Amino acid sequence: MIPERTARRAILALLEHRTRHGELELHEPDGTVHRFGAVDPHAPLRARLDVHDAATWRGLLRGSLGLGETFAAGAWSSPGLVGLIRLPALNADQFDALRRRARPVLAPARGLTSWARRNTPGRSRRQIAAHYDLGNDLYRLFLDETLMYSAAVFERPDATLHEAQLAKLDRICRKLQLGPNDHLLEIGTGWGAMAVHAAREYGCRVTTTTISAEQHAVAVERVRAAGLEDRVTVLLEDYRHLTGTYDKLVSIEMIEAVGWRDFGTYFEACSELLTPDGLMLLQAITIDERSYEAEKASKSFINQLIFPGGCLPSQEVIARSVRRETDLRVVQLEDITGHYVRTLRAWRENFRAAEREVEQLGYDERFRRLWTLYLAYCEAGFAERRIHDVQMLLAKPRFRDEPLALMQAGTALAAEVTSPLPRSPRCGPRRGRPAARR
């Protein structure tokens, strides 16, 4: 084990040489104050880190995982977590150089353990349960009424989180051109908001699947409460076990749980489940291709303490998987990263306001600190564009309505349309293929 004094010297030297943008003020328990970097007009960012325990130094040497573990233990704090985490993101080019140099060391170990870490259906179910089955009441405290746990789209500056989540759902439905004659497959039910919205507002049939028992129970109840049991089927099934064919497919921020070994498997399954003229809408959190290889090889705060087994794809990885494993083509791509910053800020503020209720539900201080950091960590990552959120529309070979899809999907193109976009009819005869048989 590295001595704390050695770890301290290493961290201070690293911060001294790698902090080029923004300013960090680091306070030690004995009153010693260190300042790194400098505020400039192009990066007016100041952050402060208060060290309470010497364990912080060894923790910081372990990257984001050590950062998360020591924060959860109360070894350090900051009056502005988002700003503190934005600072290394702002200096990412400096730290990425170190990670790239470490890749040759990490790659052999990754190769030896890749099959052991592959997300089999059983392992996927356990990993999903570790995050999504923490308790539905916890999520109700910081999400909006839809219980959508993905980026909202704020179409107005004064839009509420709830309005923005409904706008996101409408945006997806319009991109998919949903109507009463469609049978929509959703991979990753969440708590059922997308399925209910699509069936109620656009008249389509929906088959939706999840591997979270807690989410499945809520989704089934919400479908029943909405009186949509004749149009919505909720499955508790892994995407690899689905059968049947569907006109449209939607998957909202589920691909991050697939695992890097199975991105090809995921897209192959999606393609095979669609009709020859079908459409797929993927909303995905992505990472820069230049960081992807190092990210998938590392044990990070997020993939160890928050989303076990998760891995963010890059847009290039998605494109390669689609090209190699499917006959799909990309029709439209929209970056909604900026909307995620505001979404996460709202979640973080809601979580902080509900801290007493979270404690009353039985979540201890370590958990509360861990999730406070998690929400700030993600907000900072999106704010500095270290990670992105995109909506990607993909089409099967016989799909022929690209111009309409593009107009409905892109904000820039939509601005050029002089008349309101047509909305799919909400009533009329409904035709759809039978739900997948089990």
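# A walk through the predicted model

Start by selecting Glu253, which counts as buried at 10% relative accessibility. You will find Glu253 in the loop between strand 8 and helix 11 (263–272). Now check its backbone: phi of Glu253 is near 50°, a positive value in a residue other than glycine. That is worth a pause, because most residues other than glycine have a negative phi. Keep in mind as you go that this is a predicted model.

**Zoom out**

Show the whole protein as a cartoon. The secondary structure comes to 19 helices and 11 strands. Of the 438 residues in the protein, 54% are buried. If you draw the contacts with a separation of 6 or more, 75% of them come from residues 24 or more positions apart.

**Another positive phi**

Next, select Arg385, in the loop between helix 17 and strand 11 (387–395). Here too phi is positive in a residue other than glycine, near 60°. Is Arg385 buried or exposed? Arg385 is partly exposed, with a relative accessible area of 41%.

**Helix 3 and its cover**

Select residues 63–72, which make up helix 3. This helix is mostly covered, with 8 of its 10 residues buried. Colour the buried ones: Ser64, Leu65, Gly66, Leu67, Gly68, Thr70, Phe71 and Ala72. What covers them? Turn on helix 2 (55–61), strand 4 (76–77), helix 4, helix 13 (301–306) and helix 17, which are among the elements that cover the buried residues of helix 3. Just after helix 3, stop at Gly74, which takes a positive phi of about 80°.

**The second largest pocket**

Keep Phe71 on screen and move to the second largest pocket, which holds about 370 Å³ of space. Its lining has 16 residues, and those closest to the centre are Phe71, Ser78, Leu81, Arg352 and Thr372. Three elements give two or more residues to this lining: helix 4 (81–90), helix 15 (337–353) and helix 17 (365–383). Which of the helices gives the most? That is helix 17, with 5 residues. Colour the lining by class and you should see 7 nonpolar, 4 polar and 5 charged residues.

**The nonpolar cores**

Stay with helix 17 and bring up the largest nonpolar core. It has 63 residues, and Tyr149, Trp347 and Trp371 touch the most other members. Helix 17 supplies the largest share of this core, 10 residues. Now centre the view on Trp371. Leaving aside neighbours within four places in sequence, Trp371 is in contact with His131, Leu134, Tyr139, Phe142, Tyr149, Ile306 and Phe351. For a change of scene, pick Cys270, Leu273, Ile318 and Met392, which are among the 30 residues of a second, separate core.

**Salt bridges**

Finally, look for charge pairs. Side chains of opposite charge can pair when their charged atoms come close. A search of the whole structure finds 25 salt bridges, and a few of them make good stops.

- Select Arg171 and Glu334, whose side chains meet in a salt bridge at 2.8 Å, N to O. This pair links distant parts of the chain, with Arg171 in helix 8 (residues 161–175) and Glu334 in strand 10 (residues 329–335), 163 residues apart. Both Arg171 and Glu334 are buried. Add Glu155 and Lys175 to the selection, and you have a network of salt bridges that links Glu155, Arg171, Lys175 and Glu334.
- Move on to Asp182 and Lys248, which form a salt bridge at 3.0 Å, N to O. Asp182 lies in the loop between helix 8 and strand 5 (183–187) and Lys248 in strand 8 (residues 246–252), so the pair ties together parts that are 66 residues apart in sequence. Asp182 counts as buried at 11% relative accessibility, and Lys248 is buried with a relative accessible area of 8%.
- End with Arg156 and Glu163, whose side chains meet in a salt bridge at 3.0 Å, N to O. Are these two buried or partly exposed? Arg156 is partly exposed, with a relative accessible area of 39%, and Glu163 also counts as partly exposed, at 35% relative accessibility.

Key
Residues numbered from 1 in each chain as written. Predicted model: local features only at pLDDT ≥ 70, side-chain atom pairs only at ≥ 80, totals over all residues. Heavy atoms only, no water. 1 Å grid on protein atoms, 1.4 Å probe; cavity = no way out; pocket = protein on both sides within 12 Å on 5 of 7 lines; lining within 4 Å. Points joined across faces, edges and corners; volume = space filled by probe spheres on them. Helix = DSSP H or I, 4+ residues; strand = E, 2+ residues; numbered from the N terminus. Nonpolar A, V, L, I, M, F, W, Y, C, P; charged D, E, K, R; others polar. Salt bridge = Lys/Arg side-chain N within 4 Å of Asp/Glu carboxyl O. Buried < 20%, exposed > 50% of the residue type's maximum accessible area, 1.4 Å probe, protein only. Core = buried A, V, L, I, M, F, W, Y, C linked by side-chain atoms within 4.5 Å. Contact = heavy atoms within 4.5 Å.
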